[in-house]
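User: Could you walk me through this model and explain how each label is earned? I would like to see the values set against the definitions.

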Amino acid sequence: MKCNVCSNQNSLVFEGKILGKYNIKYYLCPDCGHLQTEKPYWLEEAYSTPIAAEDTGILKRNYDNRIITAAVIEGFFNAGAQFLDYGGGWGILTRLLRDDGYDFFRYDKYAENLFARGFDYRQGCKTELLTAFEVIEHLPSPLQTFDEMFKLSPNVLFSQPYLPAPFPRIGDWWYYAPETGQHISFYRKKTLEYIAQKFRKNYVSFNDIHLMSDKAVTQEDFETVIKNSQYIYLTQTQKRRSKIAEDIEYLKNC
């Protein structure tokens, strides 16, 4: 089986049970370090409910991502521009960031927009920064999706824990999430460096938060912003005007 990132030959490394019933194979790429499942024939079943019931951390995660995203915007991007949350689920993060005054929109092929209705992606809109939290572990074709994201924005901020080395087996690493069947791609640092180089992007990473960008952000500056994200968020968002009232008027006139 070929690696779905670098196309080199993978090696079968272990098998595991997902959705409580399917025994599937996991393949590791010796070149780029990517770990992937066999062809995921079970995805339609896994996504019968796009947001898994086991995702009990969804609200806290979106709150934390709100703080990180605002800090990265304030640190490196034009805070008055438009932004896009890719794989935005129910629209929680989009709504939170609009509440804080950032012109965010949502894009998701599968989940219903419950909290940011009226603010889905508008074709052709220029996007300063695209966020993709809890997205790339779901990808059967990572390069294809990164290409799609970079066509929407030259700058992508996303989350992903690195695959540990030596690689753990099912039951030894929580991030495999075999009970949902939705996590099918796992990455090491060199995997993401390969992807960034493929698209000619600057790549920086800290604490499971990654930025691939046209901007020459240094590793030191990125670490500083992530470490101080709470302070940056609190000081900068106080200066911004919330879009709550503005959005009410917009939705009334739709």
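Analyst: Happy to! Residues 24 or more positions apart account for 62% of the contacts in the chain with a separation of 6 or more, where contact means heavy atoms within 4.5 Å. Please keep in mind that this is a predicted model, in which local features need pLDDT of at least 70 and side-chain atom pairs count only at pLDDT 80 or more, while totals for chains, interfaces and linings use all residues. Residues are numbered from 1 along each chain as its sequence is written, and side-chain values use heavy atoms, with hydrogens and water left out.

User: What makes the chain as compact as a globular protein of its length?

Analyst: First the inventory: the chain has eight helices and 10 strands, which are DSSP runs numbered from the N terminus (H or I, at least four residues, for helices; E, at least two, for strands). The radius of gyration of the chain is 19 Å, and the globule rule gives 18 Å for 254 residues; the two are close, so the chain is as compact as a globular protein of that length. The radius is taken over C-alpha atoms, and the rule is 2.2 Å times the number of residues to the power 0.38. Along its principal axes, the C-alpha trace spans about 55 × 40 × 30 Å.

User: How much of the surface do carbon and sulfur atoms supply, and how far apart are the mean positions of the charges?

Analyst: Of the roughly 12600 Å² that the chain exposes, carbon and sulfur atoms supply 49%; the areas come from the Shrake-Rupley method with a 1.4 Å probe. The 30 positive and 32 negative charges have mean positions 3 Å apart. Lys and Arg count as positive and Asp and Glu as negative, without His and the chain ends, and each charge is placed at NZ of Lys, CZ of Arg, CG of Asp or CD of Glu.

User: Why is D247 called buried, and S11 partly exposed?

Analyst: Buried means under 20% relative accessible area, exposed over 50%, and partly exposed in between (1.4 Å probe, protein chains only). D247 has a relative accessible area of 2%, so it is buried. S11 has 38%, so it is partly exposed. In the chain as a whole, buried residues make up 53% of the 254 residues.

User: Where do these two residues lie, and what do they touch?

Analyst: D247 lies in helix α8 (residues 244-252). Not counting residues up to four places away in sequence, D247 touches R95, R98 and F119. S11 belongs to strand β1 and, leaving aside its neighbours within four places, is in contact with Y26, Y27 and L28.

User: How do you know that β1 and β2 pair?

Analyst: Two strands pair if DSSP finds at least two bridges between them. β1 (residues 11-18) and β2 (residues 22-28) have seven bridges in the antiparallel sense, so they pass that cut-off of at least two. F14 stands opposite Y26 in β2, and K17 has N23 as its bridge partner there. The two strands form a hairpin with three residues between them, and L19 in the turn has a positive phi of about 50°.

User: What makes β1 and β8 edge strands?

Analyst: The open sheet has four strands in the order β1-β2-β3-β8, with antiparallel pairing. β1 and β8 (185-186) each have a single partner strand, so one side of each is left without a neighbour in the sheet.

User: Why is helix α3 described as mostly covered?

Analyst: Seven of the eight residues of α3 (residues 92-99) are buried, namely I92, L93, T94, R95, L96, L97 and R98. Their cover includes α2 (58-76), β4, β5 (103-107), β6 and α8. After α3 comes G101, whose phi is positive, near 100°.

User: And how does β6 pair with β4 and β7?

Analyst: β6 pairs with β4 in the parallel sense over three bridges, and with β7 likewise in the parallel sense over three bridges. F83 stands opposite L129 in β6, while A132 faces F158 in β7. L129 and T131 point one way from β6 and L130 and A132 the other way, and all are buried.
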